[in-house]
Amino acid sequence: MKKATIKDIAKAAGVSIATVSYILNDVKTQSISDETRVKVMKAAQQLKYVANRTAQSLKIKKTGLIGILLFQEQEDHYWSDFKYAKTVGKIEQICGQLGYHVIFMQVRSQLSDYKMIMERNLDGVFLINADQERFGTISNYFGFGIPVFVIDSYIDDSLFHKIIPDFAQSFRACEAALGGRPEFLVTDAYNNAKLAGFIREQSGLEDERICVYDNPEQLNDFLSRFEGKPGIVINEFLALEVLKTTARIAAVCTCHCPQVLPGTVGRITFDLNDYQEIVHKMDRYIQDADYVDPEKFYYLSGTP
């Protein structure tokens with residue numbers, strides 16, 4: 001297959017070859033609009049433009065900055081502030097060990113958020129709990145060649161690496177802890193609709209046996225149909241709410257805070273040290289312009 005050239009990018013983006021060259025080489029002396037920059041970078045991605053060793057010139061100056069961008073949830077609950085705290089802390093720790101500085105930001109929907117992110121000139125980015133729409137908007141603002149890893153998001157694009165809990169394994173472990181097949185599933189809401197659908201599929205339960213938490217009244221109404229029955233809860237803080245009504249549950253501890261649960265509750269936990277391999281993978285991308293890893297999914301393994 002013929003390799004794409006800057007001429008191909010210029011044609012696809014509807015700009016001059018010189019403009020493409022200025023943007024890919026990050027020439028600061030040229031006044032080029034953000035819209036044009038995004039258009040050219042996107043065209044380069046779509047055409048899979050890689051010039052082998054020359055690709056290193058696409059990011060001449062490394063800043064030593066890695067971004068962790070947390071997408072704000074549509075509905076805030078008291079555990080929202082804890083939900084990704086340990087994940088962010090672990091990634092920051094590992095990045096620091098590799099010599100990177102981390103910039104953390106909560107992403108809402110204002111265009112000003114995206115412009116601020118783009119101005120940072122990040123070497124790599126972790127996006128957490130990204131919905132498809134905002135991901136599609138914000139990913140346009142990252143320069144060509146910058147590795148983007150998404151956490152708790154099922155993004156329909158093979159360019160990006162996805163990191164999600166191994167829900168299938170976790171549900172099997174919960175079933176073993178409960179001593180039988182669960183009758184219901186209560187799950188925290190995720191911004192990413194496809195991830196929510198994936199969880200439903202992996203549970204093997206009918207929709208009427210699954211509750212995506214919205215408020216206490218809705219939860220209690222749902223649980224009243226399963227009095228005395230065993231069930232699974234995703235998110236240990238949400239499990240505390242369920243325990244007010246029923247005790248026969250196993251919790252998938254996606255917030256990495258299993259200690260909040262009483263000892264009588266079966267729980268599945270995840271090893272934050274799994275992020276060692278993931279962060280080192282991002283570092284490999286940053287340091288080696290030719291590095292490619294075909295594996296696009298990393299599943300965090302849960303253990304009882």
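**Close-up 1. Helix 7, from end to end.** Helix 7 takes in residues 167-178, and its 12 residues reach 16 Å from the first C-alpha to the last, close to the 16 Å expected at 1.5 Å a residue. Please keep in mind throughout these views that the model is predicted. Just after the helix comes Gly179, where phi is positive, at about 75 degrees.

**Close-up 2. The two faces of helix 7.** Which residues of helix 7 are buried? They are Phe167, Ser170, Phe171, Ala173, Cys174 and Leu178. These residues lie on the same side of helix 7, because they cover an arc of only 160 degrees around its axis. A general rule helps here: an α-helix has 3.6 residues a turn, so residues three or four places apart point the same way. Now look at the face turned away from the buried side, where you will find the exposed residues Arg172 and Ala176.

**Close-up 3. Ser153 and its surroundings.** Ser153 sits in a loop, with strand 4 (148-151) on one side in sequence and strand 5 (161-165) on the other. Is Ser153 buried or exposed? Its relative accessibility is 0%, so Ser153 counts as buried. A polar atom of the Ser153 side chain lies 2.7 Å from the backbone nitrogen of Ala130. Setting aside neighbours within four places in sequence, the residues in contact with Ser153 are Asn129, Ala130, Lys162, Ile164, Asn192 and Leu195.

**Close-up 4. The largest nonpolar core.** This core has 44 residues, and Phe126, Ile163 and Tyr275 are the ones that touch the most other members. Helix 11 (residues 275-287) gives the most to this core, contributing six residues. For a closer look, try Ile163: leaving out neighbours within four places in sequence, its contacts include Phe126, Phe149, Tyr275, Ile278, Tyr298 and Leu300. Val150, Ile151 and Asp152 are also among the residues in contact with Ile163.

**Close-up 5. A second core.** Separate from the core in the previous view is another one, made of 21 residues. Among its members are Leu219, Ala239, Cys253 and Val265.

**Close-up 6. A salt bridge between two buried residues.** How many salt bridges does the structure hold? There are eight. As a general point, side chains of opposite charge can pair when their charged atoms come close. In this view the pair is Asp131 and Arg134, whose side chains meet with N and O 2.5 Å apart. Asp131 has a relative accessible area of 13% and is therefore buried. Arg134, at 15% relative accessibility, also counts as buried.

**Close-up 7. Salt bridges with exposed partners.** The side chains of Arg200 and Asp207 form a salt bridge, with 3.3 Å from N to O. Asp207 counts as exposed because its relative accessibility is 51%, while Arg200, at 29%, counts as partly exposed. Another salt bridge links Glu241 with Lys244, and here the closest N and O atoms are 3.3 Å apart. Where do these two partners stand, buried or exposed? Glu241 is buried, with a relative accessible area of 14%, whereas Lys244 is exposed, with 65%. Elsewhere, Glu73, Lys83 and Asp188 are joined into one network by salt bridges that share partners.

Technical notes
Residues numbered from 1 in each chain as written. Predicted model: local features only at pLDDT ≥ 70, side-chain atom pairs only at ≥ 80, totals over all residues. Heavy atoms only, no water. Helix = DSSP H or I, 4+ residues; strand = E, 2+ residues; numbered from the N terminus. Buried < 20%, exposed > 50% of the residue type's maximum accessible area, 1.4 Å probe, protein only. Polar contact = N/O pair within 3.5 Å; in protein donor to acceptor, adjacent residues only side chain to side chain. Contact = heavy atoms within 4.5 Å. Salt bridge = Lys/Arg side-chain N within 4 Å of Asp/Glu carboxyl O. Expected span 1.5 Å × (residues − 1). Arc of directions from axis to C-beta. Core = buried A, V, L, I, M, F, W, Y, C linked by side-chain atoms within 4.5 Å.
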